[in-house]
Amino acid sequence: MGANPDFEPFRLPEEYQDLRSAIRGLAEQEIAPHAKDVDENSRFPEEALAALNESGFNAIHIPEEYGGQGGDSLAAVIVIEEVARVCGSSSLIPAVNKLGTMGLILSGSEELKQEVLPDIAGGKMASYALSEREAGSDAAAMKTRARKDGDDWVINGSKCWITNGGKSEWYTVMAVTDPDAGARGISAFMVNANDEGFRVGGLEHKLGIKGSPTAELYFEDCRVPASRMIGEEGTGFKTALATLDHTRPTIGAQALGLAQGAYDNAVAYVKERRQFGKAIAEFQNTQFMLADMRMKIEAARLMVYTAASNAERGSADRGEKLGLMAAASKAYASDVAMSVTVDAVQLLGGYGFTRDFPLERMMRDAKITQIYEGTNQICRLVMGRQILG
Ligand code: COS
């Protein structure tokens with residue numbers, strides 16, 4: 001113990017601290033100024049996309065051999081956390097780029113990686129299409145069908161709740177290739193936005209993350225070459241779930257950033273706001289609320305960073321599967337984001353309820369983190385199954 005002078009327990013190595021400073025600077029200068037307008041007008045954060053693309057923070061996880069930065073999972077969650085601290089919608093650019101390419105990175109052929117990943121490293125976006133209207137938590141109940149036709153696959157059906165749908169160039173699409181084989185009859189494909197028969201449908205009108213389009217996708221005899229299948233036929237459901245084991249911590253990171261942003265705003269406010277002749281920060285009631293918020297944020301950060309780091313090691317500690325901590329970090333951090341943002345609004349009182357401050361936006365944005373990439377109930381189900389073997 002203590003023999004390795006470079007080892008500092010529970011302190012991020014300097015390179016990650018430098019990364020945090022860099023992305024925080026960029027987020028505050030280039031992304032934060034537009035966050036209010038993006039939310040109010042439900043418009044895509046083009047400024048954020050440009051700044052992230054310019055700096056390579058758009059998809060830091062893409063390996064260097066495909067033109068990316070080769071950032072590890074911890075680097076990716078720090079980027080997402082820092083962007084979410086100022087704009088939840090914008091943080092979905094790096095988060096969903098990872099979600100939309102992770103299956104390919106984990107299980108795709110070299111040829112397909114070469115076809116897709118340089119595009120994403122270069123600034124185009126990727127999305128993930130698993131859910132359907134009648135297949136949400138029960139993802140294996142999907143109906144979208146892919147039939148073999150010569151050397152091609154022909155896809156028919158629709159997907160919904162697709163984050164950044166319509167903005168992405170590439171889509172990881174799960175479809176049934178053998179309807180008699182249940183989850184083992186599902187395969188994964190990379191579909192390009194320009195493929196014939198692919199169409200983006202209506203957008204959802206949402207409570208939060210209004211700058212990130214949530215779209216329906218339609219496949220009408222959408223023909224893709226066999227080389228676009230990710231991995232072997234029938235492995236698509238496993239690829240989809242393995243992807244989520246890697247990306248649930250990124251939603252934890254988004255939640256963490258929203259909580260941190262709300263907390264930072266609240267701390268600044270209570271020092272300025274005076275009532276009963278003194279700053280409200282001087283009231284013990286205020287201090288207890290801030291202390292609770294901070295405790296939860298610190299605990300969530302440890303879980304998210306641990307889950308992300310597990311992914312680098314390929315498995316979790318204590319012989320548990322990767323998915324347990326991935327689901328735990330997402331569920332915990334998103335519950336923290338909800339409670340911290342609600343408390344931050346409370347600390348600002350009537351002002352917190354107005355659009356003059358970003359707290360109500362952060363509170364609205366936080367809600368989805370309890371829902372997507374596996375509702376927190378599904379995350380607990382995933383954990384329960386793994387705890388009990
Ligand atoms: N990684 C790889 N494979 C996995 C896996 C994982 N984490 N978890 C399960 N599998 C495999 C199983 O081993 C099984 O394969 P075999 O039949 O060959 O053994 C197959 O996948 C099906 O697993 P299971 O029977 O557990 O599937 P269920 O239909 O019972 O559903 C849940 C599993 C509920 C966990 C899954 O449907 C789920 O995660 N739903 C939520 C989906 C979601 O998060 N949607 C949000 C989309 S992104 S916004």
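**The ligand shell and two annotated domains**

By class, 12 nonpolar, 4 polar and 6 charged residues make up the shell around the ligand in this predicted model.

Me: What makes a residue part of the shell around the ligand, and which residues come nearest?
Reply: A residue is near the ligand if one of its heavy atoms lies within 4 Å of it. There are 22 residues around the ligand, and Ser137, Lys238, Asp245, Arg248 and Arg385 come nearest.

Me: Why is the pair formed by Lys238 and the ligand called a polar contact?
Reply: The cut-off for a pair of N or O atoms is 3.5 Å. A polar side-chain atom of Lys238 lies 2.7 Å from an oxygen atom of the ligand, so the pair is within the cut-off and counts as a polar contact.

Me: What places Arg248 and Gly374 in polar contact with the ligand?
Reply: For Arg248, a polar side-chain atom lies 2.9 Å from a ligand oxygen atom. For Gly374, a backbone N or O atom lies 3.0 Å from an oxygen atom of the ligand. Both values are within 3.5 Å, and therefore both pairs qualify. On its own the ligand has 1,000 Å² of accessible area, of which the protein covers 70%.

Me: Why is the ligand said to sit in a pocket?
Reply: The ligand sits in the largest pocket, which means that more than half of its atoms lie within 2 Å of the grid points of that pocket.

Me: Which helices supply at least two residues each of the shell?
Reply: They are H6 (236–272) and H11 (376–387). Helix H6 gives the largest share, 7 residues.

Me: How do the two annotated domains appear in helix and strand content?
Reply: An unreviewed UniProt entry lists residues 14–123 as "Acyl-CoA dehydrogenase/oxidase N-terminal"; over these residues the chain is 74% helix and 0% strand, with end C-alpha atoms 27 Å apart. The unreviewed entry also lists residues 128–222 as "Acyl-CoA oxidase/dehydrogenase middle". That stretch is 0% helix and 51% strand, and its end C-alpha atoms are 17 Å apart.

Methods: Residues numbered from 1 in each chain as written. Predicted model: local features only at pLDDT ≥ 70, side-chain atom pairs only at ≥ 80, totals over all residues. Heavy atoms only, no water. UniProt positions renumbered as here; feature names shortened; annotations may be inferred. Helix = DSSP H or I, 4+ residues; strand = E, 2+ residues; numbered from the N terminus. Polar contact = N/O pair within 3.5 Å; in protein donor to acceptor, adjacent residues only side chain to side chain. Areas by Shrake-Rupley, 256 points an atom, 1.4 Å probe, with all protein chains shown as cover. 1 Å grid on protein atoms, 1.4 Å probe; cavity = no way out; pocket = protein on both sides within 12 Å on 5 of 7 lines; lining within 4 Å. Nonpolar A, V, L, I, M, F, W, Y, C, P; charged D, E, K, R; others polar.
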